[in-house]
Amino acid sequence: MQSGLYIVGTPIGNLSDMSARAIEVLQNVDLIAAEDTRVFGKLASHFDIKTPRVSCHEHNERDVVPELIEKVAAGASVAAVSDAGMPGISDPGFRLVRAARDADLPVFVIPGPVAAISALVLSGFPTDRFTFCGFFDEKKLREDNKIRHTIIYYESPNRIMNTIAALARVMPERKIAIVREITKIHEETIIGYPADLISINSPRGEIVIVVEPAPDHKMSDGEITEIINDISASSMKSAAADLAIRAGISKKEAYKRLLNKEGK
């Protein structure tokens with residue numbers, strides 16, 4: 001094979017999604033850099049891939065990436081795979097690709113399934129503009145709510161119910177789609193307002209959350225009052241900023257509403 005770095009997408013669940021080209025590349029490169037060699041071993045066994053492999057994950061990238069780049073520079077062909085999906089999308093791979101680009105080495109992509117995009121399509125929410133925010137971080141949620149188009153998160157089943165509750169507090173007017181086990185036997189998509197999903201049975205498996213765009217219409221006085229009653233902030237300034245983001249109104253209008261509530 002031509003010398004270079006090959007970024008190879010692998011199935012996110014259903015092994016039938018493995019492309020013929022991906023199999024061919026993985027069978028013929030000189031070396032495979034796998035996020036977890038044990039996980040990849042199951043895939044390799046299924047598709048009769050006997051290529052030598054090394055581990056390349058977030059804890060050893062600093063040491064392994066230079067060695068892999070050195071091999072490619074010397075004329076080797078190296079493939080990178082994650083445990084599932086496309087390397088570099090919330091998985092190891094980004095630093096390896098950047099290092100190859102910095103070294104002016106050839107980089108090729110063998111496309112494969114991506115959970116974030118698959119969930120986006122399954123949600124039925126607008127796809128013309130979207131932002132992938134990686135794994136959900138509640139500390140960044142109020143800032144994320146400034147994104148008015150579709151938002152995508154990855155989430156752990158151990159935290160999903162807390163996440164739904166957080167979305168109900170900060171993004172109550174935006175429907176969410178909880179998409180789990182994509183391409184697997186128990187694939188499921190649950191859609192609704194966060195407050196309506198707080199009482200569901202805790203979803204299991206691999207989970208993607210898709211948040212619909214913020215509504216274009218201005219909230220009613222009653223809806224804004226509900227948000228005001230829900231806000232607990234240490235200062236009027238932070239409360240006004242919070243209200244402005246959640247209600248889609250100006251900070252000046254938010255401050256005025258809060259002053260009226262306080263009877264000032």
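1. **A nonpolar patch on the surface.** In this predicted model, three residues, I117, V121 and F130, come together as a nonpolar patch on the surface. Their accessible area adds up to about 260 Å². If you want a place to start looking, find I117 in helix α5, which covers residues 115–123. I117 counts as partly exposed because its relative accessibility is 38%, between the limits of 20% and 50%.

2. **The chain as a whole.** With the patch located, it helps to step back. The protein chain has 264 residues, and 45% of them are buried. Its secondary structure consists of eleven helices and ten strands. Measured out along the principal axes, the C-alpha trace spans about 75 × 40 × 30 Å.

3. **The largest pocket.** How much space lies in the largest pocket? The figure is about 770 Å³. Its lining is made of 33 residues, and I12, D83, A84, G85 and E206 are the ones closest to the centre. Three elements each give two or more residues to this lining: α2 (37–46), β7 (150–155) and β10 (207–211). Of these, α2 supplies the largest share, with four residues. Sorted by class, the lining of the largest pocket holds 18 nonpolar, seven polar and eight charged residues.

4. **One cavity.** There is also an enclosed space to look at. The structure has one cavity of 30 Å³ or more, and the volume of the largest cavity is about 50 Å³. Which residues line the largest cavity? They are A33, E35, C56, E61, A80, V81, P87, P92, G93 and L96. By class, that lining has seven nonpolar residues, one polar residue and two charged residues.

5. **Salt bridges, first the pairs at short sequence range.** Nine salt bridges are found in the structure. One of them joins R38 to D36, with 3.3 Å between the closest N and O atoms. R38 counts as exposed because its relative accessibility is 66%, over the 50% limit. Another brings together the side chains of D48 and K50, at 3.7 Å from N to O. Within this pair, D48 is partly exposed at 47% relative accessible area, while K50 is exposed at 69%.

6. **A salt bridge between a loop and a helix.** E138 and R169 form a further salt bridge, and their closest N and O atoms are 2.7 Å apart. E138 sits in the loop between β6 (130–135) and α6 (141–144), and R169 belongs to helix α7 (residues 160–170), so this pair ties together parts that are 31 residues apart in sequence. Are the two partners buried or exposed? E138 is partly exposed, at 43% relative accessibility, and R169 is likewise partly exposed, at 36%.

7. **Two positive phi values.** Most residues other than glycine have a negative phi. Against that background, S90 and T183 deserve a look. S90 has a positive phi, near 55°, and lies in the loop between β4 (77–81) and α4 (94–102). With a relative accessible area of 32%, S90 is partly exposed. T183 also has a positive phi, near 70°, and is placed in the loop between β8 (176–180) and β9 (188–192). T183 is partly exposed as well, with a relative accessible area of 24%.

8. **N60 and a long span.** Where does N60 sit? It is in the loop between β3 (53–55) and α3 (61–73). N60 is buried because its relative accessible area is 16%, under the 20% limit. From N60 to M236 the C-alpha atoms are 46 Å apart in space, and the two residues are 176 apart in sequence.

Technical notes:
Residues are numbered from 1 along each chain as its sequence is written. This is a predicted model: local features need pLDDT of at least 70, side-chain atom pairs count only at pLDDT 80 or more; totals for chains, interfaces and linings use all residues. Side-chain values use heavy atoms; hydrogens and water are left out. Patches are made of residues with over 30% relative accessible area and no salt bridge: like charges are joined within 9 Å, nonpolar side chains (Val, Leu, Ile, Met, Phe, Trp, Tyr) within 5 Å. Accessible areas come from the Shrake-Rupley method with a 1.4 Å probe; for residues, only the protein chains shown count as cover. A salt bridge is a side-chain nitrogen of Lys or Arg within 4 Å of a carboxyl oxygen of Asp or Glu. Buried means under 20% relative accessible area, exposed over 50%, partly exposed in between (1.4 Å probe, protein chains only). On a 1 Å grid over the protein atoms alone, a cavity is a set of points where a 1.4 Å probe fits but cannot get out, and a pocket is an open set with protein on both sides within 12 Å along at least five of seven lines; lining residues have an atom within 4 Å of a point. Grid points are joined across faces, edges and corners, and a volume is the space filled by probe spheres set on the points. Ala, Val, Leu, Ile, Met, Phe, Trp, Tyr, Cys and Pro count as nonpolar, Asp, Glu, Lys and Arg as charged, and the others, Gly among them, as polar.
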